[in-house]
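I wanted to look at how the chains of this model touch one another and where charged side chains pair. These are my notes, in the order in which I looked things up.

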4 protein chains.
Amino acid sequence: MMNRVVLVGRLTKDPDLRYTPNGVPVANFTLAVNRTFTNQQGEREADFINCVVWRRQAENVANYLKKGSLAGVDGRLQTRSYDDQDGKRVYVTEVVADNVQFLEPRSAASQDRGNFGESPFGEGQRNQGSSYGDQRNQGYTRTDEDPFSNDGQPIDISDDDLPF
Amino acid sequence: MMNRVVLVGRLTKDPDLRYTPNGVPVANFTLAVNRTFTNQQGEREADFINCVVWRRQAENVANYLKKGSLAGVDGRLQTRSYDDQDGKRVYVTEVVADNVQFLEPRSAASQDRGNFGESPFGEGQRNQGSSYGDQRNQGYTRTDEDPFSNDGQPIDISDDDLPF
Amino acid sequence: MMNRVVLVGRLTKDPDLRYTPNGVPVANFTLAVNRTFTNQQGEREADFINCVVWRRQAENVANYLKKGSLAGVDGRLQTRSYDDQDGKRVYVTEVVADNVQFLEPRSAASQDRGNFGESPFGEGQRNQGSSYGDQRNQGYTRTDEDPFSNDGQPIDISDDDLPF
Amino acid sequence: MMNRVVLVGRLTKDPDLRYTPNGVPVANFTLAVNRTFTNQQGEREADFINCVVWRRQAENVANYLKKGSLAGVDGRLQTRSYDDQDGKRVYVTEVVADNVQFLEPRSAASQDRGNFGESPFGEGQRNQGSSYGDQRNQGYTRTDEDPFSNDGQPIDISDDDLPF
DNA sequence: TTTT
DNA sequence: TTTT
């Protein structure tokens with residue numbers, strides 16, 4: 001009915017890019033979102049939100065964001081469940097991103113990364129990155145055979161999970 | 001940093017009202033949020049989002065919403081984890097509501113419920129509900145001794161979990 | 001960069017449906033959104049937010065919502081300006097809706113309205129409305145020649161204003 | 001009822017700090033929010049959203065943000081109106097910020113600014129700024145007598161406009 | 001110019 | 001009246 005999420009935070013690890021059997025790119029990453037308030041002990045805690053992004057933005061995310069990058073996500077909350085290795089039902093809540101916004105200058109976000117397709121950065125930042133030629137998707141293994149195999153993620157992700 | 005969620009959906013069950021050891025009210029409920037799009041099979045699926053609300057709004061929610069009620073939630077995403085009975089870490093993502101909006105006329109939402117405190121409905125709907133006197137919190141057991149004991153919820157919820 | 005608005009409120013008037021010269025439908029309406037807090041005098045005020053919706057949802061809005069209807073809007077804030085009749089620049093801020101949610105049962109929202117295209121209501125409410133046959137767009141004049149001519153709205157709205 | 005806005009953009013000018021007759025700080029600023037899509041001519045346009053923030057955050061904004069700073073705003077849409085110098089009613093839509101997030105390292109955002117109160121930046125960035133001593137509110141004139149006098153802003157802003 |  |  002209505003379902004909207006907006007987050008700004010930092011990636012806890014490099015994003016994880018996979019492909020569905022049909023070759024559709026999906027990237028998973030976790031955003032650490034620092035709370036604006038402190039707890040009883042005066043510490044500023046964080047929430048760790050799992051995010052998914054599909055298609056072209058998945059590849060942009062994989063190519064321009066890494067552990068520590070500051071990013072914004074605009075999307076919707078999605079729930080799903082699967083049975084883990086000992087047959088226990090696990091419930092997952094994650095954010096399916098409609099849009100991922102890169103909030104740091106290119107240099108900060110992707111020093112030593114290859115280049116991929118169109119830059120998601122604005123006019124001002126384009127053309128000032130280093131160019132490694134067009135080794136597209138450099139450093140990422142295509143895992144069509146085995147998408148989402150690690151990290152307790154469901155093994156049976158398929159093209160049916162495409163949001164639209 | 002930034003963390004905002006807005007949902008509109010229907011309660012999957014009556015809300016669950018508890019109290020912390022210090023007597024602070026907390027209500028838990030799940031919103032079924034129908035997707036605006038259909039899946040490959042043409043079905044309209046739903047996401048089931050766990051929500052928490054504290055203090056006075058917790059009591060309003062418990063008194064005016066029930067299974068099937070249409071409600072809006074404005075809040076933030078929060079993650080936490082606990083170890084289940086067989087020592088397995090369980091990760092929970094839920095929405096901590098800053099504001100819960102009742103989106104149905106009072107009659108539809110709370111036919112046979114007792115009355116509690118100030119009405120969260122607008123001017124136009126106040127004073128037209130039935131009045132059961134002031135049997136506050138009628139039908140809810142105070143569970144100070146054992147908050148959040150059921151449903152696989154962590155047993156050690158305390159006043160430290162208050163959002164502010 | 002990031003721009004997200006979510007509103008729930010009531011239409012202050014019947015929506016206003018127009019068509020661009022190319023025949024693209026646009027609906028304008030104002031949502032009265034009651035504040036959740038009261039002012040110094042203890043009154044609950046409202047904000048009046050202008051909204052725009054394009055294409056198929058424009059026609060759904062025109063056919064299913066009317067003055068007083070409860071609706072949710074998920075969209076983005078947009079600014080534009082135009083010069084009024086005495087050459088004064090007027091600045092407009094409005095919400096371009098990606099999605100409009102009807103939050104009342106069909107009967108409440110459109111008693112005496114004709115029917116148009118696919119119902120935007122869920123399964124449960126479909127097929128229970130009166131049926132006027134298929135007099136599409138009944139009661140609305142096509143105004144291709146003169147879109148947005150009244151109400152101090154800019155007269156030069158064109159297909160360029162399409163959000164995507 | 002429900003009214004939520006989240007924006008990320010850049011300040012078009014230095015923020016404008018004023019005080020109500022009672023001494024409550026208010027800051028006004030405009031965020032340029034670049035659209036994520038391009039128009040028919042292939043240009044990326046922007047929306048210019050007026051924002052207001054009250055109290056302590058008003059002073060933080062004035063001290064840490066300036067023209068060009070990247071910032072996030074989480075708030076609600078508010079409308080008001082006033083009569084301009086030639087008696088014409090002007091309608092204003094603006095965002096009242098509950099929270100303003102500084103999205104750039106301190107150095108980028110406030111090179112040559114004085115210091116004020118508690119730093120709104122996280123642990124990592126604290127203590128690495130230059131220190132000008134405690135010339136609080138340096139460079140800003142207190143304008144209790146005449147808040148909001150310029151820029152076509154209503155002259156009669158008062159403590160009644162406090163959001164809570 | 002505003003809704004319940 | 002607009003930012004990078």
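Before counting residues at any interface, I fixed the term: contact means heavy atoms within 4.5 Å. I also keep in mind throughout that this is a predicted model.

**Entry 1: chains C and B**

With that cut-off, I find that the contact between these two takes 9 residues from chain C and 9 residues from chain B. The area buried between chain C and chain B comes to about 590 Å², and carbon and sulfur atoms give 68% of that. On the chain C side, I note that Val6(C), Thr36(C) and Leu103(C) lose the most area to chain B, together 48% of what that side buries. I then looked for charged pairs and found 0 salt bridges across the interface of chain C and chain B, and the count of residue pairs in polar contact there, both at pLDDT 80 or more, is also 0. Strand E1 (2-11) and strand E6 (89-102) of chain C are the elements that give two or more residues to the side touching chain B. Sorted by class, this side of chain C has 4 nonpolar, 3 polar and 2 charged residues.

**Entry 2: chains C and D**

I turned next to the other neighbour, where the contact takes 32 residues from chain C and 32 residues from chain D. Chain C and chain D bury about 2800 Å² between them, with 49% of it on carbon and sulfur atoms. I looked up which residues of chain C contribute, and Met1(C), Leu77(C) and Thr79(C) supply 23% of the area that chain C buries against chain D, more than any other three residues.

How many salt bridges are there between chain C and chain D? I count 4 salt bridges between them, and I wrote down the pair of Asp86(D) and Lys88(C), whose side chains meet at 3.0 Å, N to O. The count of residue pairs in polar contact between chain C and chain D, both at pLDDT 80 or more, is 14. The elements of chain C that give two or more residues to this side are E1, strand E3 (25-34), strand E4 (46-54), E5 and E6, and the largest share, 8 residues, comes from E1(C). The residues on this side of chain C divide into 15 nonpolar, 8 polar and 9 charged.

I followed E1(C) further and found that E1(C) pairs with strand E1 (residues 2-11) of chain D in the antiparallel sense, over 7 bridges. As one point to locate on screen, I noted that Val8(C) has Met2(D) in E1(D) as its bridge partner.

**Entry 3: salt bridges elsewhere**

Side chains of opposite charge can pair when their charged atoms come close. Searching the whole structure, I get 43 salt bridges over all chains. I began with Arg4(A) and Asp74(C), whose side chains meet in a salt bridge at 3.0 Å, N to O. This pair crosses between chains, from strand E1 (residues 2-11) of chain A to strand E5 (residues 70-83) of chain C. Buried means under 20% relative accessible area, so Arg4(A) at 12% counts as buried, and so does Asp74(C) at 6%.

Within chain A, I looked at Glu104(A) and Arg10(A), which form a salt bridge with the closest N and O atoms 3.0 Å apart. Glu104(A) lies in the loop between strand E6 (89-102) and helix H2 (106-110) of chain A and Arg10(A) in strand E1 of chain A, so the pair ties together parts that are 94 residues apart in sequence. Glu104(A) is buried, at a relative accessible area of 17%, whereas Arg10(A) is partly exposed, at 33%.

In chain D, I noted the salt bridge of Arg35(D) and Asp47(D) at 2.6 Å, N to O. Because Arg35(D) lies in the loop between strand E3 (25-34) and strand E4 (46-54) of chain D, and Asp47(D) in strand E4 itself, the pair ties together parts that are 12 residues apart in sequence. Both Arg35(D) and Asp47(D) are buried. I also traced salt bridges that share partners, and they join Arg4(A), Asp74(A), Asp98(A), Arg4(C), Asp74(C) and Asp98(C) into one network.

**Entry 4: chain A as a whole**

I closed with chain A, whose secondary structure comes to 2 helices and 6 strands, following the pattern β-β-β-β-α-β-β-α along the sequence. Buried residues make up 52% of the 164 residues in chain A.

Technical notes
Residues numbered from 1 in each chain as written. Chains lettered and ligands numbered in written order. Predicted model: local features only at pLDDT ≥ 70, side-chain atom pairs only at ≥ 80, totals over all residues. Heavy atoms only, no water. Helix = DSSP H or I, 4+ residues; strand = E, 2+ residues; numbered from the N terminus. Buried < 20%, exposed > 50% of the residue type's maximum accessible area, 1.4 Å probe, protein only. Buried area = accessible area lost by both parts, 1.4 Å probe. Polar contact = N/O pair within 3.5 Å; in protein donor to acceptor, adjacent residues only side chain to side chain. Nonpolar A, V, L, I, M, F, W, Y, C, P; charged D, E, K, R; others polar. Pairing = 2+ DSSP bridges.
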